[in-house]
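Me: Please take a close look at a single part of this structure. I would like one connected account that starts from a residue pair and works outwards.

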Amino acid sequence: MTILIKNATIYLDDSILQDGYILIDGETIKEIGPAHQAPEQADDVLTLTSNEVVLPGFIDMHIHGAGGSDAMDGTEEAVAHMAAILPREGTTSFLPTTMTQSPRNIEQALHTIDQYSQSDNIPGRADVIGIHLEGPFVNPSKAGAQPVQYIMNPDLQLFKKWEELSSNSIKQVTLAPEEPGGRELVEYLNEKDIIPSIGHTGATYQEAMEAISLGASQATHLFNQMTGLHHRDIGAAGASLMNDAIYAELIVDGIHVSPEMVKLSLKLKGVDRTILITDAMRAKGLSDGKYDLGGQDVFVKGKEARLEDGALAGSILKMNDAIKNIITFTGCSLRDAVQMAAANPAKQLNIYDKKGSIAIGKDADIVILDDDYQVRTTICRGKIAYRGE
């Protein structure tokens, strides 16, 4: 199966190709070039308009659910449903993200995500590229929407059990490094090339810097549920901003982090070390109402999802809206936004040889946006996964 995209403005690694073409053959990108060199035919031809751009597909490293399904549902159907609807927002790869729950529920989720990955992770849907384990190894004082009754100290032996259960598909672990056992787990994750991400943490600046020295390389939803910037202790947030070893996840919905703080963060952290995520829960793409997150009631109204006590409970943010928002809030370029949504996650996950940019030989993960950042077409590993109206 071949797909030809022509009359295209294409965002490449280091340049923008005007009036170009892309030829996709099977699951990979076979040719890229100027329009006059395009082949004359293909099985499917997409002729673009002047207000459309071709970008690498977005990679969401932190997403719990969408469209009524959640990674913690513990069924392959839930994972498949997420994978089928995420291309509507331009997401072509993702880490289904677990949350603090009973070990039994976490194990069920890990097992089913792994089973899905091995048997049903097909082209034409967003690619499940691993698992993000958020909790239960977090600080109870920074629980947010993580159910406090299931929080536990970082436990290396339990994690090794989960690693085996998931066929080594855990790629990122959010943990509080200051908790007993935290240092040991950070060191182990770093040795295993699993991302240790500081999050839901009460760490002081010094404790966070110590975790970074042991191999922590990411901050989970920067500023949310971590020690913030204070002029006598700049906390985990300050350590994350100051240290070049850290990639910072940002939820750019204008609710979790104010537009001004997004702008300040990008100024300090830079485009090279910022990763756009959604941290979305199952209500994404659905109407206002009452939903569930980790056994807790979540009330969704407008663009906000909150627990009964008012705490934010993930988001209903879409990746294409995160792109639009960060450009609006900071004045950064579309190229910068794409780097934060595609290239940086791919580099951090060590899959940049296959994903994260448009290049010959890479997976044909492509999103076509219009000039209002709405998704017109999404291609996942060479197969059209979504066509807009």
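**A strand pair and its surroundings**

Reply: T174 stands opposite S197 in strand 13. The model is predicted, so local features are reported only at pLDDT of at least 70 and side-chain atom pairs only at pLDDT 80 or more, while totals for chains, interfaces and linings use all residues. Residues are numbered from 1 along each chain as its sequence is written, and side-chain values use heavy atoms, with hydrogens and water left out. Helices (H or I, at least four residues) and strands (E, at least two) are DSSP runs, numbered from the N terminus.

The sheet comes next. Six strands make up an open sheet with parallel pairing, in the order 11-12-13-14-15-16. Its edges are strand 11 (131–134) and strand 16 (274–277), each of which pairs on one side only. Helix 3 (residues 156–165) packs on this sheet and touches strand 11 and strand 12, its direction making about 150° with that of strand 12. Contact here means heavy atoms within 4.5 Å; axes are lines fitted to C-alpha atoms, for helices over the stretch in contact, and angles run from 0 to 180 degrees between N-to-C directions.

Strand 12 (residues 170–175) runs parallel to strand 13 (residues 195–198), and four bridges join them. Strands count as paired if DSSP finds at least two bridges between them. Besides the T174 position, L175 has I198 as its bridge partner in strand 13. Towards strand 11, strand 12 again has four bridges in the parallel sense, and there I170 is the bridge partner of I131. Strand 12 is mostly covered, with five of its six residues buried; buried means under 20% relative accessible area, exposed over 50%, and partly exposed in between (1.4 Å probe, protein chains only).

Strand 12 also takes part in two crossovers. Strand 11, helix 3 and strand 12 make a right-handed β-α-β unit, and strand 12, helix 4 (residues 182–191) and strand 13 make a right-handed one as well. Right-handed means that, with the strands pointing away from the viewer, the path from the first strand over the helix to the second runs clockwise.

From T174 the account passes to T220. The side chains of T174 and T220 are joined by a polar contact of 2.6 Å; a polar contact is a pair of N or O atoms within 3.5 Å, where within protein one must be able to donate a hydrogen and the other to accept it, and residues adjacent in sequence count only if both atoms are side-chain atoms. T220 lies in the loop between strand 14 (218–219) and helix 6 (235–242). Its relative accessibility is 0%, so T220 counts as buried. Leaving aside neighbours within four places in sequence, T220 has contacts that include Q172, T174, S197 and I198, as well as H62 and E134.

H62 leads to another sheet. This one is open, with three strands in the order 6-9-10 and parallel pairing. Strand 6 (58–63) and strand 10 (127–128) are at its edges, each with a single partner strand, so one side of each lacks a neighbour in the sheet. Strand 9 (residues 91–96) pairs with strand 10 over two bridges in the parallel sense, and V128 in strand 10 is the bridge partner of F94. Helix 8 (residues 319–330) lies across strand 6 and strand 9, at about 100° to strand 6. Nine of the 12 residues of helix 8 are buried, so helix 8 is largely enclosed by the rest of the structure.
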